[in-house]
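Good morning, and thank you for coming. I shall go through one structure this morning, and I would ask you to keep it on your screens while I speak.

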Protein chains: 2
Amino acid sequence: MCAATARESLEELKVHLAAIADVESAAAVLDWDQHTYMPPGGAEPRALQLATLSRIAHEQFTSARTRTLLDAAELLLDSLEPDSNDAALLRVTRRDLTKASKLPSEFVAELQRTASLATHVWQEARAQNDFPVFRPHLERIFELMRRRADYLGYREHPYDALMDDYEPGMTSREVKALFDRLLEVTVPLVRAIASRPGPAVGALARDYEDGPQRVFGLAMAEAFGYDATRGRLDTSAHPFSTGFSRDDVRITTRFQRPGLGAVFAIFHEAGHAMYDQGIAAAIQRTLLAGGASYGIHESQSRLWENLVGRSRAFWEYAYPALGRAFPAQLTGVDAEIFYGSINRVEPSLIRIHADEVTYNLHIILRFELEQAVLTGALRVAELPGAWNDRMMSYLGVTPKTDTDGVLQDTHWAAGLVGYFPSYTLGNVVSVQLFEAARKDNPALEEQIRRGQFGTLLRWLREHVHEHGRKYFPGDLVVRATGGPLTPEPYLSYLRGKFGGIYGIPAA
Amino acid sequence: MCAATARESLEELKVHLAAIADVESAAAVLDWDQHTYMPPGGAEPRALQLATLSRIAHEQFTSARTRTLLDAAELLLDSLEPDSNDAALLRVTRRDLTKASKLPSEFVAELQRTASLATHVWQEARAQNDFPVFRPHLERIFELMRRRADYLGYREHPYDALMDDYEPGMTSREVKALFDRLLEVTVPLVRAIASRPGPAVGALARDYEDGPQRVFGLAMAEAFGYDATRGRLDTSAHPFSTGFSRDDVRITTRFQRPGLGAVFAIFHEAGHAMYDQGIAAAIQRTLLAGGASYGIHESQSRLWENLVGRSRAFWEYAYPALGRAFPAQLTGVDAEIFYGSINRVEPSLIRIHADEVTYNLHIILRFELEQAVLTGALRVAELPGAWNDRMMSYLGVTPKTDTDGVLQDTHWAAGLVGYFPSYTLGNVVSVQLFEAARKDNPALEEQIRRGQFGTLLRWLREHVHEHGRKYFPGDLVVRATGGPLTPEPYLSYLRGKFGGIYGIPAA
């Protein structure tokens with residue numbers, strides 16, 4: 001086949017994939033709607049609509065047409081710059097297609113049905129603290145997860161096959177090594193912290209009205225660089241960010257009082273959203289328009305939520321505005337007291353409420369349990385006990401109910417096994433990226449202190465956002481930071497920041 | 001082919017069509033979103049997403065699969081009750097398929113592009129009062145409309161082919177006869193009204209806050225029977241109603257002050273929405289799930305907006321609540337003065353602000369001009385002059401600018417030629433239905449006076465809503481009212497109501 005025909009095939013492939021991207025964007029709109037504005041009656045027909053869109057996207061992607069066009073277009077590969085968008089698109093398309101073709105569509109449908117039912121039962125089980133009613137559904141989910149791993153294939157561990165959905169190219173061996181090192185430092189750090197009084201949290205026990213939280217949170221997100229003309233902020237039961245193109249990336253928050261949870265949720269989701277808003281226009285409506293991995297995506301939310309949003313420098317800038325928004329609540333609270341209150345470390349039962357130090361212990365626990373159940377080393381029936389034991393050894397607390405323990409997350413019911421590590425990878429990478437940005441721009445902290453976030457955002461745009469899925473996450477980290485993924489900068493950050501707050505002498 | 005196979009084909013056809021209905025519902029969600037919450041940046045990608053969904057729905061509907069299944073399923077027709085849902089589904093599917101297959105997909109795409117560009121230019125032209133810049137686009141639209149009529153075919157008049165999209169089975173000859181009769185009575189009525197002082201409208205010149213208008217309007221819509229747990233009320237530039245299933249039918253309104261426009265827009269849109277909420281569950285996700293015609297749909301909105309919502313009986317019930325919502329604005333205004341103010345007749349330039357009496361004259365003018373341009377009797381360049389002449393002869397007023405004249409509506413730019421008659425058909429049918437409901441239930445007006453709308457809604461459910469597209473609009477009117485479409489009840493209603501308000505002696 002001549003190069004001209006291969007080029008034509010590539011262009012046709014792009015048109016074909018763009019239409020599939022449109023269907024997926026439409027599904028994302030329907031999903032956003034169902035979490036924000038959809039009336040109760042809409043739930044049942046909406047599930048059917050989403051299933052249809054997902055089936056159409058899957059059918060069109062795994063169709064003979066994709067194969068034919070991709071086969072023909074790949075003849076161009078030798079003549080393309082390896083780092084060009086076209087070469088990356090061909091690589092990613094081949095990878096996605098190979099993977100999608102390994103899963104029989106009946107299996108995909110069965111998993112969808114099982115997860116939908118399991119999610120329903122899980123909601124009840126969590127509300128009633130009734131693990132036994134959920135157990136058979138969870139057993140079924142893990143069976144399907146094992147089958148999924150078998151369909152997809154793996155070298156060492158079935159977990160690798162599952163995790164590949166979230167962290168392409170990463171192995172559970174690498175994750176385990178990383179997590180072991182985190183445990184080694186974090187568990188003693190948590191103990192040291194627990195033996196000290198630490199900052200007062202009274203300021204956060206006060207009642208902050210929804211309206212000013214929303215206005216302040218969004219104003220700060222816009223200061224960070226979230227473009228609200230290409231997005232919007234709504235309310236939902238669980239905060240999320242979702243994009244229908246780089247020019248329409250929406251965030252949500254939830255208002256839980258007392259405290260300023262809605263503000264930090266906005267920072268977090270704005271971090272995700274700025275990533276999607278920063279993806280290069282040239283790769284819109286292609287398979288490259290997305291995050292490099294869930295962990296890289298989480299690195300962006302955590303960077304803005306924690307490395308910026310819980311930093312002393314940021315609050316030197318932002319605290320006066322917060323004080324104007326909440327004059328009554330913050331009377332007698334100075335910036336330093338406030339900074340302490342939002343960084344208090346406290347071993348607790350619920351992952352999503354955990355502080356920066358203890359958060360990863362929740363993740364490591366889940367990772368270990370998922371692996372054990374997947375290999376059969378642990379039975380689903382034994383999960384509640386194993387959960388509680390590990391909580392005690394890592395965090396020194398034990399849930400009184402399964403609702404506060406093994407039933408707390410929606411992930412397993414939804415069939416998302418292998419997903420949790422991405423949260424911690426995000427934490428780890430966020431510090432690597434922040435340090436690299438600071439190395440390129442030593443005035444970074446001073447800029448944050450003045451409320452100037454443009455240099456940081458531009459650095460992230462250039463080194464992370466605009467590339468979308470062009471690079472494997474591991475390669476992206478190397479390109480952006482000059483070295484491979486490593487927990488050391490993150491651990492130094494934790495020891496430095498929380499050692500300071502808690503007055504723990506450097507080891 | 002044996003009956004069993006035909007039955008299987010019918011069931012497969014339903015599954016196939018249900019998926020297409022899902023895609024169309026998804027498109028409706030995206031459309032709702034773009035008129036309510038979408039940020040400005042989202043416009044361009046949204047247009048692409050909507051084009052893709054519309055292409056997929058069209059491709060799947062006109063696919064060989066639809067044909068094969070329909071051909072096989074039609075063998076059942078002889079054995080089915082003619083009035084059964086299955087028989088109706090087969091008839092409607094065949095009709096839609098035949099029609100859809102007549103339009104080449106390149107033509108459909110060309111019309112879409114032309115209309116999209118024309119709409120863009122029209123917005124500018126209207127803002128700038130610049131008909132000449134819009135003229136070539138409108139010429140192109142009318143050329144495409146003539147081609148569309150040729151593709152679809154017609155017996156007497158190309159207009160019939162276009163109108164069939166909105167009023168299946170109706171001819172422009174029938175419409176013309178109806179409109180001539182309306183003109184005969186309405187023009188003298190408007191003159192008689194103009195010669196009398198009529199009710200004071202001072203009450204409506206006051207400023208009614210958005211919030212209480214919304215609360216009052218929605219409370220009344222719910223009293224009518226609009227189920228807000230299967231819908232919701234939002235704000236948009238132009239009020240509309242849209243459904244994604246019978247269990248998620250949403251309405252919008254707009255707040256324009258002074259006056260109570262938002263309240264009446266809610267009544268109107270709730271009328272549309274109750275129709276869609278009332279379609280039988282058994283025909284959901286089939287081609288039968290929709291209005292019998294645009295005119296029948298409009299009959300429902302006009303019935304609730306005007307025959308209920310601007311009636312003396314309704315305000316005897318509702319006025320105290322309105323007074324509590326707006327105590328300052330309504331001081332010194334009693335129910336009778338208020339009733340007069342919302343029923344004032346005033347020849348005016350803008351269709352969407354027209355009262356019940358003059359409204360149809362705006363429609364008749366458009367119908368006549370559309371017909372004339374379509375046949376070549378009038379050139380597009382001559383439209384502004386012809387518009388102004390007719391305004392003077394029908395309404396006694398002439399626009400000073402094309403913005404207030406020929407440029408006021410979006411329909412032509414959008415390629416919606418043949419649509420306008422449905423508005424007036426809706427007015428005419430609304431009275432026929434209301435009279436038939438009153439005949440079955442003589443206490444109707446007394447119930448409305450007590451705020452009881454259940455009997456009326458049930459009558460409409462049974463005679464109109466639940467059937468969806470099962471019957472041709474003309475047949476539906478006969479079934480529901482016992483006779484064919486006729487303007488006489490509507491004309492009697494106008495003469496009675498406005499003759500009373502204006503003190504015009506019966507002829």
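Let me begin with the interface. This is a predicted model, and across the interface of chain B and chain A the rule finds 12 residue pairs in polar contact, both members being at pLDDT 80 or more. On the side of chain B that touches chain A, the elements giving two or more residues are helix 1 (3–36) and helix 2 (43–61) of chain B.

The same interface holds 4 salt bridges by the rule. One of the salt bridges pairs Arg46(B) with Asp248(A), and its closest N and O atoms are 3.8 Å apart.

How many residues of chain B are in contact with chain A? The number is 35, and they meet 35 residues of chain A. The area buried between the two chains is about 2600 Å², with carbon and sulfur atoms giving 62% of that area. In chain B, the residues that lose the most area to chain A are Tyr37(B), Pro39(B) and Gln49(B), which together account for 19% of what that side buries.

I turn now to the symmetry. A turn of 180°, with a shift of 0.0 Å along the axis, lays chain B on chain A with an RMSD of 0.0 Å. This is the relation of a two-fold axis. The same surface serves both copies, since 100% of the contact residues of chain B recur in chain A. Which residue of chain B comes closest to the rotation axis? That residue is Ala26(B), whose C-alpha lies at 3.4 Å.

My next topic is the strands of chain B. Strand 3 of chain B covers residues 249–253, and 5 of its 5 residues are buried, so the strand is largely enclosed by the rest of the structure. As a general point, side chains in a regular strand alternate between the two faces of the sheet. In strand 3 of chain B, Val249(B), Ile251(B) and Thr253(B) point one way, while Arg250(B) and Thr252(B) point the other way, and all are buried.

Strand 3 of chain B has pairing partners. Strand 1 of chain B (residues 233–235) runs parallel to strand 3 of chain B and is joined to it by 3 bridges. In this pairing Asp234(B) stands opposite Thr252(B). Strand 2 of chain B (residues 241–243) pairs with strand 3 of chain B in the antiparallel sense, over 3 bridges. Here Thr242(B) stands opposite Arg250(B). A hairpin of 5 residues joins strand 2 of chain B to strand 3 of chain B.

Let us move to a single position in chain A. Ser299(A) is found in helix 11 of chain A, residues 294–308. Is Ser299(A) buried or exposed? With a relative accessibility of 0%, Ser299(A) counts as buried. The side chain of Ser299(A) reaches the backbone oxygen of Ile296(A) at 2.5 Å. Apart from neighbours within four places in sequence, Ser299(A) is in contact with Gly426(A), Val429(A), Ser430(A) and Leu433(A).

I close with the salt bridges. In general, side chains of opposite charge can pair when their charged atoms come close. Over all chains, the rule counts 96 salt bridges. One of them joins Arg366(A) and Asp409(A), the closest N and O atoms being 2.5 Å apart. Arg366(A) lies in helix 14 of chain A (residues 359–375), and Asp409(A) lies in the loop between helix 15 (383–395) and helix 16 (421–440) of chain A, so the pair ties together parts that are 43 residues apart in sequence. Arg366(A) is buried, at a relative accessible area of 0%, and Asp409(A) also counts as buried, at 12%.

A further example is in chain B, where Glu184(B) forms a salt bridge with Arg181(B), the closest N and O atoms being 3.7 Å apart. These two residues are 3 residues apart in helix 8 of chain B (residues 172–194), which means that about one helical turn separates them. Glu184(B) is exposed, with a relative accessible area of 54%, whereas Arg181(B) is partly exposed, with 24%.

My last example is the salt bridge between the side chains of Glu446(B) and Arg450(B), at 3.3 Å from N to O. Glu446(B) is partly exposed at 36%, and Arg450(B) is partly exposed at 44%. In chain A, salt bridges that share partners join Glu316(A), Glu435(A), Arg438(A), Glu445(A), Glu446(A), Arg449(A) and Arg450(A) into one network. Thank you for your attention.

Notes:
Residues are numbered from 1 along each chain as its sequence is written. Chains are lettered from A and ligands numbered from 1 in the order in which they are written. This is a predicted model: local features need pLDDT of at least 70, side-chain atom pairs count only at pLDDT 80 or more; totals for chains, interfaces and linings use all residues. Side-chain values use heavy atoms; hydrogens and water are left out. Buried means under 20% relative accessible area, exposed over 50%, partly exposed in between (1.4 Å probe, protein chains only). Helices (H or I, at least four residues) and strands (E, at least two) are DSSP runs, numbered from the N terminus. Two strands pair if DSSP finds at least two bridges between them. Copies are superposed by least squares on the C-alpha atoms of residues with pLDDT of at least 70 in both. Contact means heavy atoms within 4.5 Å. Buried area is the accessible area (1.4 Å probe) that two parts lose on being put together, summed over both. A polar contact is a pair of N or O atoms within 3.5 Å; within protein, one must be able to donate a hydrogen and the other to accept it, and residues adjacent in sequence count only if both atoms are side-chain atoms.
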